[in-house]
Every structure is written in C-alpha cells, then in structure tokens.
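Grab a pencil and open the viewer. Below are a few exercises, each with a solution worked out in steps.

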Amino acid sequence: MSPATDDASHPQGAGGLRQNRSMRRVLIGVIASAVAAGVIVVGAVCADYGTSIYAEYRLSSNMRKVANLGSDPFVAILAFPFIPQAMRGHYNELEIKANAVDHAMVGTATLEATMYSVDLTYASWLMRPDAKLPVGRLESRIIIDSMHLGRYLGMSDLMVEAPPAETNSATGGTTDSGISSSHGLVFSGTPKSANFDHRVSVSVDLAIAPDDKATLVFTPTGILTGPDTADQTVPDDKRDAVLHAFTGRLPNQRLPFGLAPTSEGARGSDVIIEGVTGGVSITLDGFKQS
C-alpha cells in the first residue's frame with residue numbers, strides 16, 4: 001500500500017487551494033463593498049429624515065407664534081427624499097393640524113390645512129413665518145366634534161354620523177379627504193329643550209348660509225328609526241318641537257387661510273367644513289381666522 005499523498009504538494013491540489021483563497025478574497029471584497037454601501041445609504045436616509053424633522057419642528061414652532069395657537073400644531077412635510085425637494089425650493093405636500101384650538105361659538109375645534117405644490121422661493125426650506133407661500137392647491141378644514149357641537153345645540157349626548165348610504169359603503173366619503181355629503185346626516189341625542197327625555201335620531205342637512213359664508217346651518221328633515229339609529233318614535237304632538245331642537249345656525253366659522261367653504265359633512269363623529277382652492281398665495285399668520 002503506497003504512502004498518502006500530501007495535497008498541498010500535489011500540483012492540482014495546490015492550484016485548488018489558491019483558487020479557493022482567491023474566491024474567498026473576492027467574496028470578502030464584495031461583502032465589504034455591500035456593507036459600505038449599506039452604511040452610506042443608511043446614513044443618507046438618517047440625514048434626510050433628521051433634516052425633515054428639523055424643518056417640521058421649525059415650521060410648527062413658527063405656526064404657534066404667528067397664528068396665536070395654544071400649542072405647537074402637528075406638521076408633516078410629505079417628502080422623501082426630503083433634501084432634494086428642500087434644495088429645489090418646492091414641497092410636494094404639506095399638512096398642518098392644530099387640535100383643541102379656542103374657537104368661536106363651540107369653544108374648541110380642530111383646524112387643518114393641506115397644501116400641494118408649495119413654492120418656497122420667498123420662504124426658504126425652513127419657511128420664514130412672514131414669507132409669502134404660493135400654493136398650487138390648498139385645502140382647509142374646521143373640525144367640530146360631536147361633544148362640542150352637542151353643547152352648542154343643548155344636547156350633552158349628541159352623536160353625529162355620516163348618511164347611512166355612505167356609512168355602509170367603502171368609498172370613504174364624497175370628497176378627497178373623506179368627508180360625507182351634506183344631506184341626510186344622522187344626529188342622535190336627547191332633545192330636552194323639547195321636553196322629550198328619550199334619545200332620538202334625526203336626519204339633518206348641512207348648508208352654508210347664503211347670506212353669510214361663515215355660518216353653518218343645520219336643517220332637520222325627519223325622525224329616523226330602525227337599525228343603526230336610536231330607534232325611538234316621536235308622538236305627532238312632539239314632532240315639531242323635537243325637530244326644532246336639532247335646528248341651528250353656527251356663525252363665525254372662518255376656515256384657515258380665509259378659504260370659502262366648498263363642502264360640509266361628517267367624517268367619523270365630527271362635523272367638518274372644508275374649503276378647496278388652487279393657485280393662491282398665503283402667509284402662515286392666516287391659519288387661524290376666528
């Protein structure tokens with residue numbers, strides 16, 4: 001039996017080892033390059049995200065001061081990557097939302113504004129508070145929750161819902177922001193002012209007063225019974241009084257940046273007045289109008 005052959009001394013074995021070592025070096029190089037590229041990408045993403053957070057913080061702080069808000073509003077600059085948009089002086093989309101703002105007639109409300117195609121030529125990427133902002137499309141909203149609206153109408157248990165046909169559909173409302181139509185909203189509450197101590201559901205239409213674009217009008221059209229209502233009938237001799245309890249006018253509802261209302265309806269359990277326009281220039285101090 002011949003002695004064992006040393007693979008390292010065999011020409012073919014030595015070549016195989018050299019090839020393996022070479023392949024390992026290539027593999028290590030590829031892995032190192034991939035790791036380095038990954039680190040660069042992660043670093044760039046973190047830098048981009050951090051810069052956008054700082055810009056949002058500065059805008060929120062400026063909004064609080066110039067619009068006389070009680071706290072910093074929520075601000076979102078919807079841009080990724082952010083830095084290229086900031087360098088171009090143009091944000092694709094910007095959202096501002098201020099909760100629990102002292103508001104005329106109802107006590108507090110939520111104010112929202114959504115801006116599209118925001119030109120930063122006069123404002124810089126940090127949006128100076130007194131600068132003019134040309135905006136391609138602007139949406140602004142006043143949002144009044146059921147509790148505060150109920151207090152105004154004299155019903156502590158008021159609940160507002162979208163029209164039944166829209167509540168049961170998957171469309172999410174008739175506007176881009178998910179607001180229902182203005183006809184056939186369901187208002188449920190106890191109309192004690194009508195000397196009626198039972199919770200009832202009433203179909204209510206919303207409209208902007210023709211004589212005052214800052215006044216929201218509530219017009220009840222009938223008592224609702226059946227599924228998803230209070231299912232409470234009303235005697236004929238109480239009907240007019242009950243419907244009258246759901247009648248009202250809500251003045252001094254001026255939209256952020258002075259937009260004229262274009263729709264009114266419900267989203268969730270809130271009543272919302274919305275205005276949409278295009279091709280306008282605004283300043284941040286116009287966010288809170290009343």
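The exercises go through the sheets, the helices packed on them, the salt bridges and a few loop residues of this predicted model.

**Exercise 1. Work out the strand order of the six-strand sheet, and find which strands stand at its edges.**

Step 1: Trace the pairing across the sheet. You should get E1-E2-E3-E4-E11-E10, an open sheet with antiparallel pairing.

Step 2: Look at the two ends of that order. Strand E1 (74-77) and strand E10 (263-267) each have a single partner strand, so one side of each is left without a neighbour in the sheet.

Step 3: Check the twist. From one strand to the next, the average is 20°.

Step 4: Zoom in on one pair. E3, residues 107-119, and E4, residues 133-145, run antiparallel and share eight bridges. Across that pairing, methionine 115 sits opposite leucine 138 in E4.

**Exercise 2. Do the same for the five-strand sheet: what is the order, and which strands are at the edges?**

Step 1: The order reads E5-E6-E7-E8-E9, again an open sheet with antiparallel pairing.

Step 2: Count partners at the ends. Strand E5 (159-161) and strand E9 (248-250) have a single partner strand each, so each has one side with no neighbour in the sheet.

Step 3: Here the twist averages 30° from one strand to the next.

Step 4: Pick out E8 (residues 216-224) and E9, which pair in the antiparallel sense over three bridges. Valine 217 faces arginine 249 of E9.

**Exercise 3. Find out which strands helix H3 touches in the five-strand sheet, and which it lies across in the six-strand sheet.**

Step 1: Start on the five-strand side. H3 packs on that sheet by touching E5, E6, E8 and E9, and its direction makes about 120° with that of E9.

Step 2: Stay there for a second helix. H5 (residues 236-245) also packs on this sheet, in contact with strand E7 (200-208) and E8; the angle to E8 is about 150°.

Step 3: Now go over to the six-strand sheet. H3, residues 146-153, lies across E3, E4 and strand E11 (270-282), at about 60° to E4.

Step 4: Put the two views together. H3 has E5, E6, E8 and E9 as contacts in one sheet and lies across E3, E4 and E11 of the other.

**Exercise 4. Compare three salt bridges: which residues pair, and are they buried or exposed?**

Step 1: Recall the principle. Side chains of opposite charge can pair when their charged atoms come close. The whole structure holds 10 salt bridges, and three of them are taken up here.

Step 2: Begin with aspartate 72 and arginine 64, which meet at 3.6 Å, N to O. Aspartate 72 has a relative accessible area of 38%, so it is partly exposed. Arginine 64, at 37%, is partly exposed too.

Step 3: Go on to aspartate 176 and arginine 137, with an N to O distance of 3.4 Å. Their pair links distant parts of the chain, 39 residues apart: aspartate 176 is in the loop between helix H4 (164-167) and strand E6 (185-189), and arginine 137 is in strand E4. Aspartate 176 has 73% relative accessibility, so it counts as exposed; arginine 137, at 31%, is partly exposed.

Step 4: Finish with glutamate 274 and arginine 141, at 2.7 Å, N to O. Glutamate 274 belongs to strand E11 and arginine 141 to strand E4, so this pair ties together parts 133 residues apart in sequence. Both residues are buried, which means under 20% relative accessible area.

Step 5: Widen the view. A salt-bridge network links Lys97, Glu112, Arg137, Glu139, Arg141, Asp176, Arg267 and Glu274.

**Exercise 5. Visit three loop residues: where are isoleucine 179, serine 124 and aspartate 228?**

Step 1: Isoleucine 179 is in the loop between H4 and E6. Its relative accessibility is 0%, so it counts as buried. From its C-alpha to that of glutamate 166 is 9.9 Å, and the two are 13 residues apart in sequence.

Step 2: Serine 124 lies in the loop between E3 and E4. Its phi is positive, about 70°, although it is not a glycine. With 27% relative accessibility, serine 124 is partly exposed.

Step 3: Aspartate 228 is in the loop between E8 and H5. Its phi is also positive, near 65°, in a residue other than glycine. At 66% relative accessibility, aspartate 228 counts as exposed.

Terms used:
Residues are numbered from 1 along each chain as its sequence is written. This is a predicted model: local features need pLDDT of at least 70, side-chain atom pairs count only at pLDDT 80 or more; totals for chains, interfaces and linings use all residues. Side-chain values use heavy atoms; hydrogens and water are left out. Two strands pair if DSSP finds at least two bridges between them. Helices (H or I, at least four residues) and strands (E, at least two) are DSSP runs, numbered from the N terminus. Axes are lines fitted to C-alpha atoms, for helices over the stretch in contact, and angles run from 0 to 180 degrees between N-to-C directions. Contact means heavy atoms within 4.5 Å. A salt bridge is a side-chain nitrogen of Lys or Arg within 4 Å of a carboxyl oxygen of Asp or Glu. Buried means under 20% relative accessible area, exposed over 50%, partly exposed in between (1.4 Å probe, protein chains only).
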